[in-house]
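Reader: Could we go through this structure together? I would like to begin with the ligand site and then turn to the domains.

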Amino acid sequence: MTTIGILGAGAMGGGIAQVAAAAGHKVIVCDHLSLALNKCNKNMQGTLKTLVEKGKMTDAEAYAMNSRITYTDHMSDFESCVMVIEAIAEDIEAKQVAFRSVETMVTKDAIIASNTSSLSISAMGAQLSHPERIIGVHFFNPAPLMRLVEIIPALQTNAATMEKARSLVDSWGKTTVIAKDTPGFIVNRVARPYYGEALRILEEGIADEVTIDWAMRELGGFKMGPFELMDFIGNDINYTVTETVFKAFYYDSRYKPSFTQKRLKDAHYWGRKTGRGFYDYREGAPVRPEPVQDKKLGKYILDRILVMLINEAAEALYLRIATREDIETAMTQGVNYPKGLLYWADQIGIELVVQQLDVLYVEYLEDRYRCCPLLRKMVRDKKNFF
Ligand SMILES: NC(=O)c1ccc[n+]([C@@H]2O[C@H](COP(=O)([O-])OP(=O)(O)OC[C@H]3O[C@@H](n4cnc5c(N)ncnc54)[C@H](O)[C@@H]3O)[C@@H](O)[C@H]2O)c1
């Protein structure tokens, strides 16, 4: 039975520990806070109890799975791990310090992986004596339920690490895609306009939150509208990811964060978890207004957000962040989009997508609306993505 180490017993660390233990590994969960370890252990007991109650596993299976997991505050317990997955705070310096320690605790061929959402894997590898064993394995929240895992090789990663990490994660029942070590990888890059363009439409007073959410759900087929989703993710987290991606892209205006969301973050209106966000979740909160169910307005909203998403997906392909298939898989499985964005572009007609982007560009004269050269080339060559 191989052993997997998890550094960081928070939301992600606990979820990944569950996935690895369910796949039959011994799992060592390490955190520097005993409070975090206790909470993680308690959550795991709760999850296993629920799984048994729902008939998803037997008592004996839950017992066996639980006994495969060890909680510790000593990194030296990682000694026998074939892979250690780091899931501590999203802070490059903290991660670099942690990686230096992890490397002194594991054998020379153990894989050292990070679950970072957007930081550079190559920068983490630079801290290691054997940087060829570093890799990004980016799970989505909640890790046991979300199938997608982005695998991100650093500049230093060797083929054996890549192969071993990917097949391990595949064997856990996950769908893996490969992304270049660039800010936001695939999902957290391509999805930015879902939030950013919706916020822009709101700020311009074109429609309110409920109407934008209605348009994206009812006309677009998305599971959640952008504002419901931002409240669900947490405006603190969603804003920070946008800001990180924006800075990491040398302030490219396509990823510019919004003051509206910044103010919600400042006010601790983080969404569901604090009781208030774009919407009010407190008991006795006023009933939400009805959306303006105007088909023409709804179509304008959907088209505007959708072409911005398609532009971003095309740019990711154009700049070789990932393959066409992996971009589609990432967006349908990582954020449950109803269709792959490139396939959606084919359906709409790439020429029409380009026209719509150009209308926005001419209207606003902002670089944010620049059309990806790949889309223009495809129109010239009369090509589709699929
Ligand atoms: N929460 C999400 O939706 C999500 C999704 C994908 C990826 N991520 C990434 O996963 C990582 C963890 O996120 P999270 O939401 O689980 O965070 P979290 O705050 O819930 O948990 C982090 C844990 O790491 C521990 N920790 C911090 N520094 C440590 C150290 N030096 N040594 C040992 N333990 C340490 C903390 O005590 C805490 O228990 C981040 O890099 C984040 O960007 C988060």
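Reader: Which helix gives the largest share of the shell around the ligand?
Author: That is α1, with 3 residues. The model is predicted: local features need pLDDT of at least 70, side-chain atom pairs count only at pLDDT 80 or more, and totals for chains, interfaces and linings use all residues. Residues are numbered from 1 along each chain as its sequence is written.

Reader: Which elements supply at least two residues each?
Author: They are α1 (11–22) and α4 (92–105). Helices here are DSSP runs of H or I with at least four residues, and strands are runs of E with at least two, numbered from the N terminus.

Reader: Which residues come nearest to the ligand?
Author: G8, G10, M12, A36 and N141 do, out of 23 around the ligand. A residue counts as near if its C-beta atom, placed from the backbone, lies within 6 Å of the molecule.

Reader: And the shell by class?
Author: It has 13 nonpolar, 8 polar and 2 charged residues. Gly counts as polar in this scheme.

Reader: On to the domains: what are their bounds?
Author: The domain assignment, automatic or from a database, gives domain 1 as 3–178 and domain 2 as 186–386. Their C-alpha centres lie 30 Å apart.

Reader: How many residues are in contact between them?
Author: 10 residues of domain 1 are in contact with 13 of domain 2, where contact means C-beta atoms, placed from the backbone, within 7 Å. On the domain 1 side, β7 (148–153) and β8 (175–178) give two or more residues, and β8 gives the most, with 3.

How values were computed. Two residues are in contact if their C-beta atoms, placed from the backbone, lie within 7 Å.
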